[in-house]
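This report describes the overall fold of one protein chain and then turns to its charged side chains.

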Amino acid sequence: MVKLNLPDFSYNLKKDEGKIFIFDVIRKKFIVLTPEEWVRQHFVNYLIEHLKYPKSLIKIESGLKYNSLQKRTDIVIYNRDGKPWMVIECKAFDQTLDHQTIRQISTYNHTLQANFITITNGLNHLSFEINWKDNRTSFIEKMPEFPQTP
């Protein structure tokens, strides 16, 4: 797989019936290793090990309904009150982050109403803060720090 613009980590791979799997520490099982999964697992490691986001508040590939359509988010980070705090959309490293990607995550976040959204392809990462009161979205230079307990 491609070297990403994320910290290296000690991932756990296995091969079964000709397929390669990577261990997901959140779902606690092996997942087929695709380019998108490679990005997702590196990003999750970055969140937990480098940004100190609580592992227990991270959910991967959870379903949601938008209008009558069933959708699936890549990563949702919850705050300590159990409300969505950040939504992250992961793309394969060979995909461009564009307006379509932002539209996709914004659609998911319309339902979740998280304060932050991030898109990544493992090489580039873009984060935005959502001000729901003023209905504004602002680009932020770096990933936000997870709020500490008061």
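Helices (H or I, at least four residues) and strands (E, at least two) are taken here as DSSP runs, numbered from the N terminus. The model is a predicted one. On that basis the chain contains 2 helices and 9 strands, and their order along the sequence is β-β-β-α-β-β-β-α-β-β-β. The radius of gyration is 15 Å, close to the 15 Å that the globule rule gives for 150 residues, so the chain is as compact as a globular protein of that length.

**Overall dimensions and surface**

Along its principal axes, the C-alpha trace spans about 50 × 35 × 30 Å. Buried residues make up 44% of the 150 residues of the chain. The accessible surface amounts to about 8900 Å², and carbon and sulfur atoms contribute 48% of that area. Among contacts between residues at least 6 apart in sequence, 47% join residues at least 24 apart.

**Charges and salt bridges**

The chain carries 21 positive and 17 negative charges, whose mean positions lie 5 Å apart. Side chains of opposite charge can pair when their charged atoms come close. In this model the count of salt bridges is 8. The table gives three of the pairs, including the distance from N to O.

| Acidic residue | Basic residue | N to O distance |
|---|---|---|
| Asp-8 | Lys-3 | 3.3 Å |
| Asp-24 | Arg-27 | 2.6 Å |
| Asp-134 | Arg-136 | 4.0 Å |

The surroundings of these pairs can be described from the relative accessibility of their residues. In the salt bridge between Asp-8 and Lys-3, Asp-8 has a relative accessible area of 56% and is exposed. Lys-3 also counts as exposed, at 56% relative accessibility.

Asp-24, which pairs with Arg-27, has a relative accessibility of 0% and therefore counts as buried, the limit being under 20%. Its partner Arg-27 is partly exposed, with a value of 23%. The two residues also belong to a network of salt bridges that links Asp-24, Arg-27, Glu-36, Glu-37, Arg-40 and Asp-74.

In the third pair, the closest N and O atoms of Asp-134 and Arg-136 are 4.0 Å apart. Asp-134 has a relative accessibility of 42% and so counts as partly exposed.

How values were computed
Residues are numbered from 1 along each chain as its sequence is written. This is a predicted model: local features need pLDDT of at least 70, side-chain atom pairs count only at pLDDT 80 or more; totals for chains, interfaces and linings use all residues. Side-chain values use heavy atoms; hydrogens and water are left out. A salt bridge is a side-chain nitrogen of Lys or Arg within 4 Å of a carboxyl oxygen of Asp or Glu. Buried means under 20% relative accessible area, exposed over 50%, partly exposed in between (1.4 Å probe, protein chains only). The radius of gyration is taken over C-alpha atoms; the globule rule is 2.2 Å times the number of residues to the power 0.38. Contact means heavy atoms within 4.5 Å. Accessible areas come from the Shrake-Rupley method with a 1.4 Å probe; for residues, only the protein chains shown count as cover. Lys and Arg count as positive and Asp and Glu as negative; His and the chain ends are not counted. The place of a charge is taken as NZ of Lys, CZ of Arg, CG of Asp or CD of Glu.
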